[in-house]
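The following exercises concern the arrangement of strands and helices in a structure. Please attempt each task before reading its solution.

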Amino acid sequence: MRRRTFLLTGLGATGALILGWSISPPRQRLRAGHTPSLEPGYVALNGWLALAPDDTVTIISPKSEMGQGIHTALAMIVAEELDCDWSRVRTVPAPIDRIYHNVAAVVDGLPLHPDDEHTAPARALRWFAAKAAREVGLMMTSASSSVRDVWDVARDAGATARAQLLAAAAARWNVPVATLRTERGYVVSGTTRARYGELVADAVLQRPTQVQRKDPATYSVVGQTRVRLDAKDAATGELQFGMDQLPAGTRYAAVIMPPVLGSRVRAYDGEAARARPGVRTVVPLPGSDYGDAPGVAVVADSWWQAQQALSALNVQWTDSPHAALSSEGIRTTLRSVARNDAGLPHRFRGNAEDALQAAHTVHEATYDAPYLAHATMEPPNATVLVTDTAVTVWTGTQMPDVTRRAVAEVLERDEAQIVVHQRRLGGGFGRRLEADVVAQAARIAAATPGVPVCTIWSRGDDLQHDIYRPACAALLRAGLDTSGQPTAITAQTASQSPFKAFSRRVKFPWTTHTPDRTAAEGLWDQPYEWPTLRVGHRELEFPVPVGLWRSVGHSHHAFFLESFIDELAERAGSDPLQYRLRLLQRHTRAARVLETAAREAEWSDAPRRAPDGRPAALGLALHEAFGTVVAQVATVSVSDTLQLRVHRVVVAVDCGVAVHPDGVRQQMEGGVVFGLTAALHGAVPMEAGRMTPRNFHEYPLLALRDTPHIDVHIVPSGETPGGVGEPGVPPIAPAVANALARLTGERLRSLPLRPTRSSRFVARETEQRPT
C-alpha cells in the first residue's frame, strides 16, 4: 500500500485523527514569532488565522497569489476545519517567519523515486527534511507545492482554533466539551448558540490538548465549488499589483544593461542624461550575486522621462569574451555531448547497456529544446524607500525572505531594518523567485534617500535579461525484441543546471554541490516499467543565466520521452495508447488517467476532420510530476501553408484530493495555454552574445484566436493533494508532436514545433504511390 493511500485510509477508517503531534512538523508550524498587521479587535488564534468580534475570519497566507488561486484554496482548507461562515472569510499576506517556510518543496526535492515513497528509509528521510526545512528553509511559492505544503498545517490550524472555541463555550456554559458542536460560525449546545466572534476573546486563552480533524466524508467546503476570493476585484480591476498604490512622491527609474553577455560599462555621459526633462539623478549599477547585471539607471519624475533619457547616456560597453556565443552553437554542443557522454547516472535498473547490446534492434533519437523566457505580463518591478533607519520594499515576489536578504546585503543593512510589503504578482512562472530586480532597485533607491523609487524594466529588458529555462538536448535509445517490445531504455541529457544556478544566487547551499535532480526530472522519476533503464545527465556551463521555469525539467523532458514512446509504438506497429498501458501495468493510477483522457477524447485511428474541415489527427501524452498525473489528447491539423492548429485538448488529471475543483480546471487550462505557447512559439535566440527578442512580436504568446477548446476531467482520488500549477504544462508539446507525426508522417524532435509537411501530405503521397 502506498504511503499516501495508507494515510487517507487511516483517516477514513477512524473518522478523525487524534492529533498528539507536538513533535511533528505541522504542529510546530502553528505558532508564529511575528504577527501580521491586523485591524484593532482581531485576535490571532494561531499563526494562520485570526477572528474578529464581527465574525470575520482572516486567513494569513504565506503563499504568493499570482493567479493560481492559492489564497482561495488555503482559505477553503482552514474554513473547512474551522467550520466557519465562508462569506466571512478573507486573506492577508503573512509576515516573514520560519513557520511559513516551504516544507513540501524541500521534501519533494529529495532524490526519491515516487515508487520508493512507502519505504521506511524514505519516510524517515522526508520527516527529517521537513524538520530541517522548517528551521532553516525558505519562505517560497514554487514547485506546485503550495497546497501540498499547507494541507496538514492548515487543517491543524482550523481544527485547533475550532477546539479553542469549543473549550471557551464549554467554560462559559459550564458543560462538557463533548456535548457541544459547531455550525457554520456558531458553537451550539442544545438550543443555546454563540457566535465565534462572541467567544474569540476567551478562546485565545484556551490550550486544548487534543484536536480532532474532520472526517473527510463530512467535508462541505473542500472539494466543492466556491467563488474565488479575488474574483470580484479581478473583474472590477481592483487587484493591487507591484506598481499599484505607490507611496506619495514616488519617482521612477529605468535601466540600461549590457547588450552582450559579460560586457560591463566602460563610460557614459551622465550630464547629458541629467539635462533631460524630469531627470533627478543617474546611478551606476555594479551588479550583484543575485543576478542583476551591471549598468546605469536614470531616476526621473515619470518612468517615460527616465526611459527617454537612457539614450542620452551614450553608454560605452567593454568587449565581452562571450561575443561569439550563439544559441545555435550551444545547441550543437549540447547535442554532441548528449550523444557522446552518458553523464552522471540519476537512476538505473538492471544493466541497460548490456540489454541494448543483446537487443534484436536498437532505436535511437536525439531531441532538443531551446532557452525560454518567463515573459510575465507584469514586467519586473520593485519600489524601495531608503532612510537612515529603515528600508521599505513594495514588490510582488515568490520569496519574500530572499528579497529581504538581498536588499540587506546590497545596502549593507541588518535584515531587521528591511520591511517587505508583498504584492500580488502579475505572473510568476519562477521568474519572481529571483531577487535580481529588487537588489538593483535597492541600489537605485539608495541614491535618493528619503524618496521612494519605483524601478521598472521594459519588455525588452525582461526578454533580454531574463534568467532562462536552460536549453537541453537528449539522446534516447531503446533495445527492442523481435516483436518491437522494449528490453531496455537509456536517456542521456545535457544542459546547464537550473536549480544549482538558482541555489547559488539565493544563497541556498543545500544543492550547490550535489547532483541537480531538476536536470533529469521527468526521466529518472517516470512511472513506466522498462525491463532495464539508465538515465544520466551531463552538466555543462555556459554564461547564459538559467533558473526555474514553470514545471522546470519536466517541461522539456516530457517532450523527449513521450515523443520517443510514440516512435517505439510506431516501430512495433502498436497503438500508442495500448503500448503505454503495457508499460504501466503496476502503475494503475497513471493508467487510469491515461484511459480517462483517451475515452473522453474518443481516441482511435479513424480518419477525422478538424472543425475547419481539414484532415486532423489525435496525439496523446502522459506525465507525472509534483504528485499529480496528467494525460492530454490533442486534436491537430496543418494547413497547406504549414500553419499548425491545435483545435481541442482533452485533459485528465489525478491530483489527489481536489481542494478547489474549479481551481484545478483553471490551472489545467492555463498549463495547456502556457505549454502550447512554448511548443509552438517559444525560443530565445542568441546571436553574437545577444539575446535578440525585443518584445512580444519577437517572442509571441499564444493568441486567443489560436487557443484550443480545452476539456478537463478530474479523476476522483483519495491521494493527498498534489500540485496543479505546473503539471498541466509538460504533456502538451509531445501530445501535439505525436499528433503531427500521425497526421503528416513527420517526426519533429526539436522545439518549437515547425512542420514542413501539411495535413494533406500523407494523403497525396499515398495517392501517388504505385500500387
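**Exercise 1.** In the predicted model, determine the strand order of the open sheet formed by 5 strands, and state which strands stand at its edges.

*Solution.* Step 1: the strands follow the order β22-β23-β24-β25-β28, and their pairing is mixed. Step 2: β22 (608-609) and β28 (709-714) each have a single partner strand, so one side of each is left without a neighbour in the sheet. These two are therefore the edge strands.

**Exercise 2.** Describe how β25 and β28 pair, and identify the bridge partner of Ala652.

*Solution.* Step 1: strand β25 comprises residues 644-654 and pairs with β28 in the parallel sense. Step 2: the pairing extends over 6 bridges. Step 3: Ala652 has His713 in β28 as its bridge partner.

**Exercise 3.** State which strands helix α20 lies across and which strands helix α21 touches.

*Solution.* Step 1: α20 (residues 661-680) lies across β24 (628-638), β25 and β28. Its direction is at about 135° to β28. Step 2: α21 (residues 732-744) packs on the sheet and touches β23 (615-625), β24 and β25. The direction of α21 makes about 150° with that of β23.

**Exercise 4.** Analyse the open sheet of 7 strands and the helices α13 and α14 that lie across its strands.

*Solution.* Step 1: the order is β10-β11-β8-β18-β15-β16-β17, with mixed pairing. Step 2: the edges are β10 (279-285) and β17 (418-422), each of which pairs on one side only. Step 3: on average, neighbouring strands of this sheet are turned by 20° against each other, direction ignored. Step 4: β8 (residues 251-256) and β18 (residues 453-456) pair in the parallel sense over 3 bridges, and Arg251 stands opposite Val453 in β18. Step 5: α13 (residues 400-411) lies across β15 (381-386), β16 (391-395) and β17, at about 140° to β17. Step 6: α14 (residues 436-446) lies across β8, β10, β11 (295-300), β15, β16 and β18, at about 35° to β15.

**Exercise 5.** Are α6 and α7 roughly parallel or roughly perpendicular to each other?

*Solution.* Step 1: α6 (residues 146-173) and α7 (residues 196-203) pack at an angle of about 90°, and their axes are 8 Å apart. Step 2: angles of 65 to 115 degrees count as roughly perpendicular. Step 3: α6 and α7 are therefore roughly perpendicular to each other. Step 4: Gln164, Leu165, Ala168, Ala169 and Arg172 in α6 meet Tyr196, Glu198, Leu199, Val200, Asp202 and Ala203 in α7. By class, this contact has 7 nonpolar, 1 polar and 3 charged residues.

Methods: Residues numbered from 1 in each chain as written. Predicted model: local features only at pLDDT ≥ 70, side-chain atom pairs only at ≥ 80, totals over all residues. Heavy atoms only, no water. Axes fitted to C-alpha atoms, helices over the stretch in contact; angles between N-to-C directions. Helix = DSSP H or I, 4+ residues; strand = E, 2+ residues; numbered from the N terminus. Parallel < 35°, antiparallel > 145°, perpendicular 65-115°, else oblique. Contact = heavy atoms within 4.5 Å. Nonpolar A, V, L, I, M, F, W, Y, C, P; charged D, E, K, R; others polar. Pairing = 2+ DSSP bridges.
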